[in-house]
Amino acid sequence: VASIVCKDDPSFKDVRVVSILESSMRKVSDKYCPDAARVGFFSDLPQGGLTDGFPILVATEASLELLNQKLKKKGKDSIPMSRFRPNIVIGKTNKAFDEDNWKAIKIGRGKDAVILHLVKGCPRCKQSCTNQLTGERGEEPVATLSEFRALGRSAEDVYFAQNAVLNGDSYNKGIQVGDPVTILTRGEAVWDMEDVQAE
């Protein structure tokens, strides 16, 4: 990973531009990656890029809505989806956190549809407690999530959204806002196999 610090311009305080070098090989964890998501002649693991561990994060509006209802009951402000930094947000699901049990979904129609494998829940850290507009950090949403989403090996491991990888044949395809989403397979929810407790 290459990091460039902008020191010449005083308006850029503590700003870093980070990129991944073409020679970098940051692969997703083979503990969670299904064979169908492997790529190339040698069935390589997909690359993760600058993400924590997986290239795609899928969240649903219903899950955020439930979290915000719980926050409002406590007299706290609701939070925007951007706090969780998902790549894909899905609306009109049957229930909150239904995505925990999705194993594969199809986005789009026909031969141009993209298939995603949802491989494990995403543990949430204090980054989601940072107001992106003000930079202020509080205890929410992690404090409220800990009341009903502490699902990992430790009571401190709270989860919101699902990490995902593309099916091996879905590269070079695209999705658009409004594309239909079809749940292809369901299964048991998967959480981290070890304590995560990110700071």
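Biologist: Which residue of β7 is the bridge partner of Leu-57?

Modeller: In this model, Asn-163 of β7 is the bridge partner of Leu-57. The model is predicted: local features need pLDDT of at least 70 and side-chain atom pairs count only at pLDDT 80 or more, while totals for chains, interfaces and linings use all residues. Residues are numbered from 1 along each chain as its sequence is written, and side-chain values use heavy atoms, with hydrogens and water left out.

Biologist: Why are β3 and β7 said to pair?

Modeller: Two strands pair if DSSP finds at least two bridges between them. Strand β3 (residues 56-60) and β7 share three bridges in the antiparallel sense, so the condition is met. The strands themselves are DSSP runs (E, at least two residues), as helices are (H or I, at least four residues), numbered from the N terminus.

Biologist: How do you know that β6 and β7 pair?

Modeller: Six bridges join β6 and β7, again in the antiparallel sense. One bridge sets His-117 opposite its partner in β7, Val-165. β6 also pairs with strand β5 (residues 102-107), antiparallel and over four bridges, where Ile-105 stands opposite Leu-116 in β6.

Biologist: What makes β4 and β8 edge strands?

Modeller: The open sheet of six strands has mixed pairing and runs in the order β4-β3-β7-β6-β5-β8. β4 and β8 (181-186) each pair on one side only. Neighbouring strands of this sheet are turned by 35 degrees against each other on average, direction ignored. Helix α1 packs on the sheet, touching β3, β4 and β7, and its direction makes about 60 degrees with that of β3. Here contact means heavy atoms within 4.5 Å, and angles run from 0 to 180 degrees between N-to-C directions of lines fitted to C-alpha atoms, for helices over the stretch in contact.

Biologist: Why is strand β7 called largely enclosed?

Modeller: A residue is buried under 20% relative accessible area, exposed over 50%, and partly exposed in between (1.4 Å probe, protein chains only). Eight of the eight residues of β7 (residues 159-166) are buried, so the strand is largely enclosed by the rest of the structure.

Biologist: Why is the contact of Lys-74 with Glu-140 called a salt bridge?

Modeller: A salt bridge requires a side-chain nitrogen of Lys or Arg within 4 Å of a carboxyl oxygen of Asp or Glu. The closest N and O atoms of Lys-74 and Glu-140 are 3.6 Å apart, so the pair qualifies. Lys-74 lies in the loop between α1 (61-73) and β4 (88-90) and Glu-140 in the loop between β6 (114-123) and α2 (142-148), so the pair ties together parts 66 residues apart in sequence. Glu-140, at 12%, is buried, whereas Lys-74, at 35%, is partly exposed.

Biologist: What does the salt bridge of Glu-147 and Lys-74 look like?

Modeller: Its N to O distance is 2.8 Å, so this pair also falls within the 4 Å limit. Glu-147 is exposed, with a relative accessible area of 54%. Lys-74, Lys-76, Glu-140 and Glu-147 are linked in a network of salt bridges.

Biologist: How do you know that Lys-126 and Glu-139 meet in a salt bridge?

Modeller: The N to O distance of Lys-126 and Glu-139 is 2.9 Å, so the definition is satisfied. Both residues lie in the loop between β6 and α2, so the pair ties together parts 13 residues apart in sequence. Lys-126, at 24%, is partly exposed, and Glu-139, at 51%, is exposed. By this rule, the count comes to eight salt bridges.
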